[in-house]
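Colleague: Please choose a single part of this predicted model and look at it closely, going from its partners outwards to the surroundings. I would rather have one connected account than a list.

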Amino acid sequence: MAQLRQEYQEFVKRDAEVIAIGPENSKTFADWWHEHEMPFIGLPDPEHSVSKLYGQEVKIFKLGRMPAQLIIDKKGLIRYKHYGGSMSDIAENSEILAKLDELNKEQT
Amino acid sequence: MSDIEIIESKPAPDFELSDSEGRKVRLATYKGNKQVVLVFNRGFV
């Protein structure tokens, strides 16, 4: 998350929004979000409604394969998924940014 | 270990949740407008 915060402008430049979803309750999540001054959108989801939805409908989550990152293109299609092996492995930003560049080219 | 996998393009299921500031965020509003990097966390705390 720290890397995402540092490089958020690189995502903005590529016409992308970053949305992070966490399992904490709203208050815990918001406190953390404010304390760390995260610049992008953070969604507390204590009921895991979104990860369940994506697990069922897209079948992208295997048990124990969190954290995960997805790229959704401007047509609303899921184009890439990325699994991190641990919390510290959350950001391979350069790879994700490269994919965003590819998708931008495709869409022009 | 991590890797990006190319997957079959599938429509992203829409959802709406309140963000850290209490604003409603709906995925569908980004369609046609921005790419979205959706990050699922195991937990911060």
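Modeller: Two strands are taken as paired where DSSP finds at least two bridges between them, and with that criterion in hand I would choose strand 4 of chain B, residues 35–40, as the part to examine. The model is a predicted one, and what follows should be read in that light.

Strand 4 of chain B has partners in chain A. Strand 3 of chain A, residues 68–72, is joined to strand 4 of chain B by five bridges, and these two strands run antiparallel. Strand 1 of chain A, residues 16–22, is joined to strand 4 of chain B by six bridges, and here the strands run parallel. Individual positions can be placed within this pairing. On the antiparallel side, where strand 3 of chain A is the partner, A:Leu70 stands opposite B:Leu38, while A:Gln69 has B:Val39 as its bridge partner. For A:Val18, the bridge partner in strand 4 of chain B is B:Val37.

The next point is how the strand sits in its surroundings. Six of the six residues of strand 4 of chain B are buried, so the strand is largely enclosed by the rest of the structure. As for the directions of the residues, B:Gln35, B:Val37 and B:Val39 point one way from the strand, whereas B:Val36, B:Leu38 and B:Phe40 point the other way, and all of them are buried. The two residues named above as bridge partners of A:Val18 and A:Gln69, B:Val37 and B:Val39, thus belong to one of these sets, together with B:Gln35, and B:Leu38, which faces A:Leu70 across the pairing, belongs to the other set. For chain B as a whole, buried residues make up 27% of its 45 residues.

Strand 4 is part of a wider meeting of the chains, in which 32 residues of chain B are in contact with 55 residues of chain A. Two elements of chain B, strand 1 (3–11) and strand 4 (35–40), give two or more residues each to the side that touches chain A, and the largest share of that side, seven residues, comes from strand 1 of chain B. By residue type, this side of chain B divides into 18 nonpolar, eight polar and six charged residues. The secondary structure of chain B comes to zero helices and four strands, so that, as DSSP assigns them, its elements run β-β-β-β from the N terminus on.

On the other side of the pairing, chain A has five helices and four strands, in the order α-α-β-α-β-α-β-β-α along the sequence. Buried residues make up 35% of the 108 residues of chain A, and among its contacts with a separation of 6 or more, 36% are between residues 24 or more positions apart.

The approach to strand 1 of chain A also deserves a remark. A:Asp15 lies in the loop between helix 2 (8–13) and strand 1 of chain A, and its phi is near 65°, a positive value in a residue other than glycine; A:Asp15 is partly exposed, with 14 other C-beta atoms within 10 Å. Elsewhere in chain A, A:His48, which is not a glycine either, has a positive phi of about 55°. A:His48 is found in the loop between strand 2 (41–44) and helix 4 (49–57), and it too is partly exposed, having 13 other C-beta atoms within 10 Å.

Helix 5 of chain A, residues 93–106, offers a useful contrast in how burial is arranged. This helix has 14 residues and reaches 20 Å from its first C-alpha to its last, close to the 20 Å expected at 1.5 Å a residue. Its buried residues are A:Ile96, A:Lys99, A:Leu100 and A:Leu103, and seen down the axis they fall within an arc of 105°, so they line one face of the helix. An α-helix has 3.6 residues a turn, so residues three or four places apart point the same way. The face of helix 5 turned away from the buried side carries the exposed residues A:Ser94, A:Asp101 and A:Lys105. In strand 4 of chain B, by contrast, the residues pointing one way and those pointing the other way are all buried.

Methods: Residues numbered from 1 in each chain as written. Chains lettered and ligands numbered in written order. Predicted model: local features only at pLDDT ≥ 70, side-chain atom pairs only at ≥ 80, totals over all residues. Contact = placed C-beta atoms within 7 Å. Nonpolar A, V, L, I, M, F, W, Y, C, P; charged D, E, K, R; others polar. Buried ≥ 20, exposed ≤ 12 C-beta atoms within 10 Å, placed from the backbone. Expected span 1.5 Å × (residues − 1). Arc of directions from axis to C-beta.
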